[in-house]
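Below are some notes on the model you sent round. They are set out as numbered points, to be read with the structure open.

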Amino acid sequence: MQLLGSRKLKFVILRVHCGVLNILLVSCRSRIGAAMAVSILFTGHMIDQPARPKARFPSELETAAAARIATAIAPYATSEKGSVMGFASSAQGGDILFHEQCRAVQIPTTIVLPFAPEIFVQTSVSGIPGSDWERRFWDLWNTTSEARREIMNLPQSEDAYSACNVHLLERAQQHGAVHLIALWDGQQGDGPGGTADLVDRASVSNTPDIFTPADLASDQ
């Protein structure tokens with residue numbers, strides 16, 4: 001009887017140890033998963049409007065920009081599904097190119113708009129003669145799940161773009177470690193909430209991958 005009781009006690013202790021190990025294993029997996037999560041946050045210039053007095057990102061650099069973005073995200077394309085997420089708004093030019101390149105290699109992306117898409121198209125997508133940016137915007141928007149697209153419903157103003165940048169950074173930080181990719185000429189923007197604004201905010205705790213339109217032109 002004493003031997004049986006001893007064996008039973010050892011069995012109980014073993015089960016307790018196994019239970020503790022399982023809890024630790026689940027905790028470790030959770031911590032490892034969280035550490036591996038990466039948010040690719042993008043900000044970049046729009047294609048120059050025809051009336052822009054000084055060229056910044058002319059339409060002839062679109063193909064080069066798409067190729068450079070593809071190179072920037074390539075290291076993350078083989079990551080475990082769900083561990084990498086792209087974050088950007090969806091203006092014509094850099095934003096739309098980023099979403100398209102991410103999805104081409106199966107990296108899901110999240111879109112954040114400061115106001116309703118119909119208004120956003122008017123302010124940040126349309127206006128480039130002979131282009132298909134509006135169609136490409138709606139293709140991205142309509143193929144993005146509701147969980148990965150957000151309308152902030154802000155009043156239409158210049159400050160709304162700054163608020164959108166802040167929220168994009170917050171969402172990216174919630175998902176994982178932030179890696180910033182920026183198509184930026186190094187200058188302050190035409191108004192609040194531009195590329196320079198998000199570079200300033202995100203670069204505090206991140207070493208960004210920044211390339212300029214001039215870099216793209218020299219690579220052609």
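**Notes on the fold and on helix 5**

1. In this predicted model, helix 2 (residues 62-73) lies across strand 1 (38-44), strand 5 (177-183) and strand 6. Helix 2 runs at about 165° to strand 6.

2. The strands that helix 2 crosses belong to an open sheet of 6 strands, paired in parallel, with the order 4-3-2-1-5-6. Strand 4 (149-151) and strand 6 (209-211) are the edges: each has a single partner strand, so one side of each lacks a neighbour in the sheet. On average, and with direction ignored, neighbouring strands of this sheet are turned by 15° against each other.

3. At one edge, strand 3 (residues 109-113) and strand 4 run parallel and are joined by 3 bridges. For a place to look, find Ile111, which stands opposite Arg149 in strand 4.

4. As for the overall make-up, the protein has 8 helices and 6 strands. Along the sequence they follow the pattern α-β-α-β-α-β-α-α-β-α-β-α-β-α. Of the 220 residues in the protein, 41% are buried. Among contacts with a separation of 6 or more, 76% are between residues 24 or more positions apart.

5. Which residues of helix 5 (residues 133-142) are buried? They are Trp133, Arg136, Phe137, Leu140 and Trp141. Seen down the axis of helix 5, these buried residues fall within an arc of 130°, so they line one face of the helix. Their cover includes helix 2, helix 3 (94-104), strand 3, helix 4 (117-124) and strand 4.

6. Arg136 is a charged residue in that buried list. The charged end of Arg136 sits over the ring of Trp133, 4.1 Å from the ring's centre.

7. The whole structure contains 5 aromatic pairs. In one of them, the rings of Phe137 and Trp138 have centres 5.0 Å apart and planes at 85°; an angle over 60 degrees counts as edge-to-face, so this pair is edge-to-face.

8. Are the two partners of that pair buried or exposed? Phe137 has a relative accessible area of 0% and is buried. Trp138, at 27%, is partly exposed, because buried requires a value under 20% and exposed a value over 50%.

9. Phe137 and Trp138 also belong to one aromatic cluster, together with Phe120 and Trp141. Of these, Phe137 and Trp141 are among the buried residues of helix 5.

Key
Residues numbered from 1 in each chain as written. Predicted model: local features only at pLDDT ≥ 70, side-chain atom pairs only at ≥ 80, totals over all residues. Heavy atoms only, no water. Pairing = 2+ DSSP bridges. Helix = DSSP H or I, 4+ residues; strand = E, 2+ residues; numbered from the N terminus. Axes fitted to C-alpha atoms, helices over the stretch in contact; angles between N-to-C directions. Contact = heavy atoms within 4.5 Å. Phe/Tyr/Trp six-rings, centres within 6.5 Å; stacked < 30°, edge-to-face > 60°. Buried < 20%, exposed > 50% of the residue type's maximum accessible area, 1.4 Å probe, protein only. Lys NZ or Arg CZ within 6 Å of the ring centre and 35° of its normal. Arc of directions from axis to C-beta.
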